[in-house]
Amino acid sequence: MEAQKPEIYGMLAEFTTPTEIVAAANKAREAGFSKMEAYSPFPVEDLYEAVGFKRTKLPILVFFGGLAGFFTAFSLQTFTMGGAPSFLNPFLPDWFYYPLNIGGRPLNSWPAFVPPEFELAVLFSAFTAVFGMLLLNGYPRLYHPLFNVPRFSGVTTDRFFLCIEARDPLFDIQGTRHFLEGLKPFEVSEVPQ
Amino acid sequence: MASDIKEQEPSLRSDPQVPLVAPGHSFESISKKVIGVVLSVTPKGWMIGFAISFMMLQVLLVSITYLLYEGIGIWGVNVPVGWGFDIINFVWWIGIGHAGTLISAILLLFHQTWRTSINRFAEAMTLFAVACAGLYPLAHMGRPWFAYWLLPYPNTMQLWPQFRSPLEWDVFAVSTYFTVSLLFWYIGLVPDFGNIRDRAKSPWIRFIYGIFALGWRGGSMHWHRFETAYLILAGVSTPLVLSVHTIVSFDFAVSNLPGWHATIFPPYFVAGAIYSGFAMVINLAVPIRHFYGMKDFITDKHLDNMAKIMLATGSMVFYGYMVEAFMAYYSANPFERDLMMKNRVFGPYGGFYWALVFCNGFVPQLLWIKRVRSWEAALFIISLIVNVGMWLERFVILMSLQRDFLPSSWGQYSPTFWDLSTYFGTFGLFLSLMFLFCRLLPMIAIFEMKHMLPESHVHKGDDSGHDPGHAHAPKQGGGHQ
């Protein structure tokens, strides 16, 4: 073993099956570790709960994203097409007021405004889902200390990793390594910062 | 070998747990197989295919250039048929795209796991088909450099688009559809880009795919958010795909023309879109599994399922035609009746109507026969016929414009050389993009395929041996390592 560096990111244990990684994450959580993360080539059922994470709040964000899309299209069409209650019209700027009389139909012909409202609700929820997911996950982040471990490149193919991070209050290099080795991993390695 | 087939045969029908990945695969071998296509030397067949597609693409460029130079007078459109090949092909291409979203979104929500191996290239097909479709309305504008006038934005002219028009709804629907499909596709690709990054030897390839992978590490919480986002995208794409073709059908149905002003239009347009889309997926899947040796992943079961969906949607479409004919009679409206009988069925393009009935009504009925569904070549040919049939459908619908209420304003439409060359050219665009996709991107969703393997499931102590679907799991995994 090489000399201990003062600063490391964490201690990484490598496993070869999903069953092992879930068991390892459960044991680590029960042992009191809180700052850790498990990595896998594909989503493993309930792994995030084994690590100790809670359900994501993303769906709530998406709901408000969709609502924003709906109201954007609703107000855009209603105000520009002159469909708002008439006492509001004097307050609208000229560039936002363009009542179009199409075949004598009412200015507030709201059923005709439904398709764009629906489409924008979908568009905004999709944007919220995708970019919300990326931001919450902290992507894009092209560099990460874990990439310093050569074997970590197996994580996208067929390897499963459990990393207990150095910022965990229970972390100490010898003790954590000893704990991880007790989980019977394929290999344990230090992650340089 | 023969005993293997005998063993599998009954399970194809009865057991939903039938492996959709050929036996003998491990996590490693799936990555190796799919990424091998990306990282290997360019095959000669690919070069030839891409060269041909690229030449076809030049036909499109020449056609569009001449169109911009001369104006849409070079097309066959005129009064009374103001919409010709451009809208026929617009609807045709966008309909083809719909199968991709159906596979990626609707089948995901219904837990149809067989979608996994075909969803990636079906989504690519969606994007490229929508790109081809989007070209037509833009080209038809005559002055495409003002295309942004379609968008609602505050401008110095203080003008706004006509939000009550189905054509403006189209702008929202098609642009949303393209954007959401692109997001869906890209998000699904991110973990696979990470896999290419980690497997590539060349630093340049690592660098380029690494950028697109956004630094993907596969953390458990990342996967959880990823899956949540993916499911939400599927949830919003499902009504989206139905709305897009509904709105496309509104282009016709909201007008007051006989033969167009019908409530059957939205449902049968959507069914027709999925129908032609699945035909195109089969047309792409058969050569892909053949030339890239992907029969382990795109199995006969996949083709069989797709053929069944084609049969179902094809029958809905045929039902739509019959309802159209019946409603024309039952409405007792002389214009509707004339349109149906004297214009469509026995009109100047009557032959096209009967060809349409043949292609969409009768040919797909062969899919009731199991032997046909498991016969690659027959499926490929039936799918081609279906695509022709769906093109004819849009042609027949458009030709309603030839004869409206006043005989004095009747006319006849025929496409010009430039109509045909533009259509031909969009195949060049579509195929060139498809070839590039097969060469540069993982054409099968790697992480989702891994999830299909029995060994991807977590065994919770005591119940590991009981599940019959997973009984052969240890043998598979062990046999490979």
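This passage reports the domain assignment, cavities, salt bridges, backbone geometry and a surface patch of a two-chain model.

The model is predicted, so local features were taken at pLDDT of at least 70 and side-chain atom pairs at pLDDT 80 or more, whereas totals for chains, interfaces and linings use all residues. Residues are numbered from 1 along each chain as its sequence is written, chains are lettered from A and ligands numbered from 1 in the order in which they are written, and side-chain values use heavy atoms, with hydrogens and water left out.

Chain A is assigned domain 1 (8-56 + 151-192) and domain 2 (58-136); these bounds come from an automatic or database domain assignment. Between the C-alpha centres of domain 1 and domain 2 of chain A the distance is 46 Å.

Five cavities of 30 Å³ or more are present in the structure. A cavity is here a set of points, on a 1 Å grid over the protein atoms alone, where a 1.4 Å probe fits but cannot get out, and its lining residues have an atom within 4 Å of a point. Grid points are joined across faces, edges and corners, and the volume is the space filled by probe spheres set on the points. The volume of the largest cavity is about 60 Å³. Its lining consists of B:N343, B:R344, B:Y349, B:Y353, B:F395, B:V396, B:M399, B:S400 and B:Q402. Two or more residues of this lining come from each of helix 11 (334-345) and helix 14 (376-398) of chain B. Helices (H or I, at least four residues) and strands (E, at least two) are DSSP runs, numbered from the N terminus.

Over all chains, the search gives 17 salt bridges, a salt bridge being a side-chain nitrogen of Lys or Arg within 4 Å of a carboxyl oxygen of Asp or Glu. In chain A, A:R167 pairs with A:E165, with 2.7 Å between the closest N and O atoms. A:R167 is exposed at a relative accessible area of 58%, whereas A:E165 is buried at 5%. These classes are set as buried under 20% relative accessible area, exposed over 50% and partly exposed in between (1.4 Å probe, protein chains only).

In chain B, a salt bridge joins B:D300 and B:R289, the closest N and O atoms lying 2.8 Å apart. B:D300 belongs to helix 10 (residues 300-330) and B:R289 to helix 9 (residues 265-291) of chain B, so the pair ties together parts 11 residues apart in sequence. B:D300 is partly exposed, with 43% relative accessibility, and B:R289 is buried, with 3%. Helix 10 of chain B also holds B:D304, whose side chain meets that of B:R373 in a salt bridge (2.8 Å, N to O). This pair links distant parts of the chain, since B:R373 lies in helix 13 (residues 370-373) of chain B and the two residues are 69 residues apart. Both partners are buried: B:D304 has 9% relative accessibility and B:R373 has 10%. A network of salt bridges with shared partners joins A:E14, A:R151, A:D158 and A:R159.

Two cis peptide bonds are noted here. The bond from A:Y139 to A:P140 is cis, with omega near -5 degrees; A:P140 is placed in the loop between helix 4 (110-137) and strand 3 (160-165) of chain A. The bond between B:V79 and B:P80 is cis as well, with omega about 5 degrees, and B:P80 falls in the loop between helix 3 (44-70) and helix 4 (85-109) of chain B.

Positive phi values occur in residues other than glycine. A:K184 has phi near 55 degrees and sits in the loop between helix 5 (173-181) and strand 4 (187-192) of chain A. At 68% relative accessibility, A:K184 is exposed. B:Q158 has a phi of about 55 degrees and is partly exposed, at 35%.

The loop between helix 5 (116-140) and helix 6 (166-199) of chain B contains B:L150 as well as B:Q158. B:L150 is partly exposed, at 30% relative accessibility, and belongs to a nonpolar surface patch with B:L138, B:M141, B:Y148, B:W149, B:L151, B:M157 and B:L159. Together the patch residues have about 690 Å² of accessible area. Patches are made of residues with over 30% relative accessible area and no salt bridge, like charges being joined within 9 Å and nonpolar side chains (Val, Leu, Ile, Met, Phe, Trp, Tyr) within 5 Å. Accessible areas come from the Shrake-Rupley method with a 1.4 Å probe, and for residues only the protein chains shown count as cover.

How values were computed
1 Å grid on protein atoms, 1.4 Å probe; cavity = no way out; pocket = protein on both sides within 12 Å on 5 of 7 lines; lining within 4 Å.
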